[in-house]
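Me: I should like to examine how certain descriptive terms are justified for the structure below. Please set each value against its definition.

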Number of protein chains: 2
Amino acid sequence: MLKAIVLLSGGLDSATVLAIASRKFECHAISFNYAQRSLSEINAASRLAQLNTASHQVIHIDDGVMSGSALTDDTIPVPVESTAGIPVTYVPARNTLFLSHALAVAEVLSSQDIFIGVNAVDYSGYPDCRPEFIRAYESMANLATKAGVEGKLLTIHTPLIDKSKAEIISIGLKLGVDYSQTVSCYQANAEGEACGNCDSCQLRRKGFNEAGVSDPTRYFSSIN
Amino acid sequence: MLKAIVLLSGGLDSATVLAIASRKFECHAISFNYAQRSLSEINAASRLAQLNTASHQVIHIDDGVMSGSALTDDTIPVPVESTAGIPVTYVPARNTLFLSHALAVAEVLSSQDIFIGVNAVDYSGYPDCRPEFIRAYESMANLATKAGVEGKLLTIHTPLIDKSKAEIISIGLKLGVDYSQTVSCYQANAEGEACGNCDSCQLRRKGFNEAGVSDPTRYFSSIN
């Protein structure tokens with residue numbers, strides 16, 4: 001079975017991607033501790049990784065490298081209403097850094113396949129979730145590595161990129177994903193309970209509604 | 001004065017790049033601790049950074065992410081003779097990971113300029129030192145970030161990419177670089193003394209010879 005590297009945040013999207021990837025690949029999951037506000041997502045990733053992976057690494061990214069975001073700086077509040085443009089929850093170069101770690105791990109493990117749960121439909125408008133970014137990253141990666149030069153070309157798989165949140169949930173439920181184990185909230189508490197009001201919570205709740213499925217998310221506050 | 005991020009390994013090339021960049025930019029240097037064989041290069045970077053930088057961060061990259069190279073795995077000997085193809089001193093996705101950290105730091109500091117001392121003339125044949133890689137990285141980076149989307153485009157400066165080692169040394173000497181403070185050796189000892197025989201030492205020594213300058217490198221062993 002070929003190996004794949006799966007970026008596993010512990011959220012709804014990456015849990016679904018892991019379920020998809022594990023049907024055809026031996027999955028090596030990586031998660032990141034980047035001083036993000038909600039560390040309970042790493043616990044969720046560890047729980048999810050117990051089911052479908054051959055290995056799981058939690059990689060540390062130094063404090064300060066991705067600062068200045070509401071997700072990495074406690075003094076910037078997480079907004080509860082949508083704003084024009086790219087929101088303050090944007091984290092500088094996050095997916096570039098995540099994919100670059102995945103690229104190194106892929107070469108070390110002789111894998112040519114990376115899975116990432118980016119989505120450009122029901123999303124927060126982050127530039128590094130768009131198809132043009134992913135294509136550019138893949139092209140760059142194949143020039144960057146010894147593997148690429150030797151013709152072992154890398155593919156970045158984005159099975160969710162054009163799916164609505166409701167479609168993602170429907171796919172995941174068919175594959176047996178237990179969404180009660182996932183944490184999407186930008187400011188989940190230590191128990192993994194969600195605020196219900198941030199952009200990520202709103203997109204997630206709308207997804208369960210539109211999929212016609214009851215929302216298994218545990219909330220710590222009343223929903224607006 | 002505009003800010004620039006300068007990748008500073010502590011070697012001859014990056015010391016020269018810092019001297020070039022500091023003529024026009026307020027320089028913020030970053031170095032990496034990635035479990036490389038020769039940690040004395042970080043000490044060299046710290047010494048060099050004292051002269052020409054507004055700040056210097058040493059960023060940690062987790063052990064294992066870039067393993068399987070003679071530079072990160074003590075069980076793989078550093079070769080003393082040139083080999084065909086990309087040598088075992090190649091480190092998986094190294095410049096991609098370095099540039100991705102620089103990209104994040106640049107966005108955090110509102111800088112649009114990154115300097116990197118890659119060279120595609122007197123070099124070890126690494127794919128991530130080639131002009132086509134740098135161009136692809138820059139294109140990707142400008143799709144990845146909020147800054148890029150808002151038209152604050154990033155430039156990756158590679159002032160040494162087409163220079164011979166002798167030309168680099170001549171440029172640096174005119175700018176006052178003290179090459180006795182730099183460490184290029186793949187297996188320098190804790191005092192920063194060089195082996196004199198690895199690919200990097202050979203390229204460096206040839207450069208001083210061709211530039212007609214005495215070699216200030218301190219060696220710990222006799223030179224082959």
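The exchange below concerns a predicted model and takes up a sheet and a pair of helices.

Me: What makes strands S1 and S2 of chain A a pair?

Reply: Two strands pair if DSSP finds at least two bridges between them. Strand S1 (residues 3-7) and strand S2 (residues 26-33) of chain A are joined over 5 bridges, in the parallel sense, so they satisfy the criterion. Within this pairing, A:Ala4 stands opposite A:Cys27 of S2(A).

Me: Why are S3 and S5 of chain A said to stand at the edges?

Reply: The open sheet has 5 strands in the order S3-S2-S1-S4-S5 (chain A), with parallel pairing. Strand S3 (55-60) and strand S5 (155-157) of chain A each have a single partner strand, so one side of each lacks a neighbour in the sheet. From one strand to the next, the twist averages 25°.

Me: Why are H4(A) and H4(B) called roughly antiparallel?

Reply: Angles over 145 degrees count as roughly antiparallel. The axes of helix H4 (residues 131-144) of chain A and helix H4 (residues 131-144) of chain B cross at roughly 160° and come within 9 Å. The two helices are therefore roughly antiparallel to each other. H4(A) passes H4(B) in a left-handed crossing.

Me: Which residues make this contact, and how do they divide into nonpolar, polar and charged?

Reply: Among them are A:Phe133, A:Tyr137 and A:Met140 of H4(A), and B:Phe133, B:Tyr137 and B:Met140 of H4(B). The residues of the contact comprise 12 nonpolar, 2 polar and 2 charged. A:Glu132 and B:Glu132 take part in the contact, and Glu counts as charged; A:Ser139 and B:Ser139 also take part.

Conventions: Residues are numbered from 1 along each chain as its sequence is written. Chains are lettered from A and ligands numbered from 1 in the order in which they are written. This is a predicted model: local features need pLDDT of at least 70, side-chain atom pairs count only at pLDDT 80 or more; totals for chains, interfaces and linings use all residues. Helices (H or I, at least four residues) and strands (E, at least two) are DSSP runs, numbered from the N terminus. Axes are lines fitted to C-alpha atoms, for helices over the stretch in contact, and angles run from 0 to 180 degrees between N-to-C directions. Angles under 35 degrees count as roughly parallel, over 145 as roughly antiparallel, 65 to 115 as roughly perpendicular and the rest as oblique. A crossing is left-handed if the near helix is turned anticlockwise from the far one by less than a right angle, and right-handed if clockwise. Two residues are in contact if their C-beta atoms, placed from the backbone, lie within 7 Å.
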